[in-house]
Amino acid sequence: MSVSAASVTTASIRPELVPEQLARSKSRVWVVAALALLLLWGCGFRVYQLGAEGLSEDELNKVRAAAEYRERGLTSANGEHPLLMKALLTGSIVLAERWNSTQTARSNPQLQMQVETAARLPAALFGALTTLLIFLVASELFGTSIGLTAAALWAFDPQAIGFNRIAKEDTFLLFFFLLANVFWLRGQRAAEEGRAHAERFYWATAASFGAMMASKYMPHFLAISGSYYYIFQGMAATKWRMGKVRWLIFFVVMGAVFLLCNPTILLPDTWREMKIFAGERRIGHDSYEFMGELYRNQMTLWLKGSPWYFYYVFMGVKLPLLSLAAFLVGLPLLFTRRLGDGRFFILFWLFYWFFPFTFLGGKFTRYFTLALPVVLITSAIGLHAVARILAPLVERLSTSERLKSTLRAAPAFVAVALAAYASASAAPNFRLYTNALGGGMTRAGSYFPHDEFYDSSIRETVRAMLPRARTGARVASETPELVAYYARQQGRDGLVSVSLSDAAAMREFKEGDIVLVARGRRYFSNERTVAALRRVSAPALSVALGQVPAAEVFVLDSAGARAVSQP
């Protein structure tokens, strides 16, 4: 007997399926709403007072490169780094200038966008959108609950926010790495389910990896996805197989997108800049201050450079305590079968980041940007493991399903809430956040001062210094170009800005000249000079970043001039 489609009514639908479908629909609505809120709040933290901190020396180099692109077209300016991030920064500055020229902005100076804000805005927006990508990767591997928890931890983590508020390449590297793996993992699922369109995910993965390489030259992170792919190839039942032809197309697509996003790679001068950078001849200073001690900070020094435990201390003192504790709970679970095969992706991610960066001699905290999501995903796993452990107690406490659900979510909710509180308490100087294990904010800036301060106080220090600077005065600092940049903004082109580490220049200093000593800029090359100056002089003024002392300005008297001019 045949039945026409028109004769089917709602009465023929199995009634027991209706509540199940409604539940799934409500669940999807709740997930979408939660993600929307996380994106909104995460973006809010990242753009809040985005121009509150002055440019760093690195950021000034990006702003200057953007100015050169606008004046001369694509050149090798700042060519040791790929173009994609600098192109976005250039576009942001152009749009900011157009906005500032509108009648609305001209009539209300508070609405005008500073160059600091414009330079950092692309990274802040990409950092906020990374919340969604973390959810998609983690939920593909471990389910929606863990995905949402990991995304929420990223949205509110003070270090994640701090990394996303600087105009550097690491945020873009992470974004496209995650985007590539969203497609890679979806491609795996499509292949295993026998769907014909699985190849679309492969090419989208390749395009994303091309953009990743156009963000920062870190090709070894391709090994994370490649290793995850190859561990399944020895299993006869695996349908996720690329084959030689697909791999060839994959790398062609990746190369094409890389060239599209990074055309300056075709310039000979770019290769010269990259060669200089790779030969470590771009290193401007001879050391890095870590926990009050100075270390040489070059990649090729390996264990003779910055200590191997650098990033482990960073995790110990910079992560909110519940996020850190949950990571320690979740880490051993990655070695159990309970989490399924998705754990291998996380293990490869952890290995390919922590193994090389533990032993490399050159370290900066912003390099941790790519590692932080995998740490927070592991924390989310730990939080849900704690919830499972507490489940029997929850069952005994209540018979209400709604209350049970709330209590089961409590560990994750508390961890996310504490991360949000940590960020709110540190705003807008998020990188200074230090947890209770690290001594709290009284120890802020004492562990990784270069990266915690990141020249943020130089703008305000220069502005405070200028009324004390005579015409033609020499000003010594470890960021001479940055000091000159902000002095010119105030109409003081006549100052002579030199490096505090330049012994020949310091011999020319006389009474009335100025020395600017910024935290995070202590080096072997200037330590004796600053110590000699402190013995005979007191600072004329001090500048704080929030409540944390950040810089001192010395106006030299005769004794101070003699102290800094000694070899």
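What volume does the second largest cavity have? I looked this up at the start and noted about 40 Å³ for the largest cavity and about 30 Å³ for the second largest cavity. The model I worked from is predicted.

**Entry 1: cavities**

I searched for enclosed spaces and recorded two cavities of 30 Å³ or more in the structure. For the largest cavity I listed the lining as Gln159, Phe163, Phe314, Lys318, Thr365, Arg431, Phe448, Asp451 and Glu452. I then asked which helices each supply at least two residues of that lining. They are helix 7 (158–164), helix 13 (310–318) and helix 19 (449–453). Sorted by class, I entered three nonpolar, two polar and four charged residues for the lining of the largest cavity.

For the second largest cavity I wrote down Phe163, Ile166, Thr365, Arg366, Arg431, Asp451 and Tyr454 as the lining. I classed these residues as three nonpolar, one polar and three charged. Phe163, Thr365, Arg431 and Asp451 appear in the lining of the largest cavity and also in that of the second largest cavity.

**Entry 2: backbone at Tyr454 and Pro428**

I checked Tyr454, a lining residue of the second largest cavity, for its backbone angles. Tyr454 is not a glycine, yet its phi is positive, at about 50 degrees. I placed Tyr454 in the loop between helix 19 and helix 20 (458–465).

I next asked which residues a cis peptide bond joins. The bond lies between Ala427 and Pro428, with omega about 0 degrees. I located Pro428 in the loop between helix 18 and helix 19.

**Entry 3: second largest pocket**

I turned to the second largest pocket and noted about 950 Å³ of space in it. I counted 28 lining residues, with Trp30, Leu148, Thr149, Ala409 and Ala412 lying nearest the centre of the pocket. Two or more lining residues come from each of helix 1 (17–47), helix 6 (144–156), helix 16 (372–397), helix 17 (401–408) and helix 18 (410–426). By class I recorded 18 nonpolar, seven polar and three charged residues in this lining.

**Entry 4: helix 6 and helix 18**

Helix 6 and helix 18 both give residues to that pocket, and I examined how they pack. Their axes come within 8 Å and cross at roughly 15 degrees. The angle is under 35 degrees, and therefore I entered helix 6 as roughly parallel to helix 18. I recorded the crossing of helix 6 and helix 18 as left-handed.

On the helix 6 side I found Thr149, Ala152, Leu153 and Phe156 in the contact, and on the helix 18 side Ala412, Ala415, Val416, Ala419, Ala420 and Ser423. I classed the contact of helix 6 with helix 18 as eight nonpolar, two polar and no charged residues. Thr149 and Ala412 belong to this contact and are also among the residues nearest the centre of the second largest pocket.

**Entry 5: helix 3 and helix 5**

At what angle do the axes of helix 3 and helix 5 cross? I noted roughly 130 degrees for helix 3 (residues 84–100) and helix 5 (residues 115–142), with the axes coming within 8 Å. I entered helix 3 as oblique to helix 5 because of that angle. Helix 3 passes helix 5 in a right-handed crossing.

I listed Leu88, Leu89, Ser92, Ile93 and Ala96 as the contact residues of helix 3. Helix 5 contributes Val115, Ala118, Ala119, Leu121, Pro122 and Phe126. By class I recorded ten nonpolar, one polar and no charged residues in the contact of helix 3 with helix 5.

Note on methods
Residues numbered from 1 in each chain as written. Predicted model: local features only at pLDDT ≥ 70, side-chain atom pairs only at ≥ 80, totals over all residues. Heavy atoms only, no water. Axes fitted to C-alpha atoms, helices over the stretch in contact; angles between N-to-C directions. Helix = DSSP H or I, 4+ residues; strand = E, 2+ residues; numbered from the N terminus. Parallel < 35°, antiparallel > 145°, perpendicular 65-115°, else oblique. Left-handed = near helix turned anticlockwise from the far one by under 90°. Contact = heavy atoms within 4.5 Å. Nonpolar A, V, L, I, M, F, W, Y, C, P; charged D, E, K, R; others polar. 1 Å grid on protein atoms, 1.4 Å probe; cavity = no way out; pocket = protein on both sides within 12 Å on 5 of 7 lines; lining within 4 Å. Points joined across faces, edges and corners; volume = space filled by probe spheres on them.
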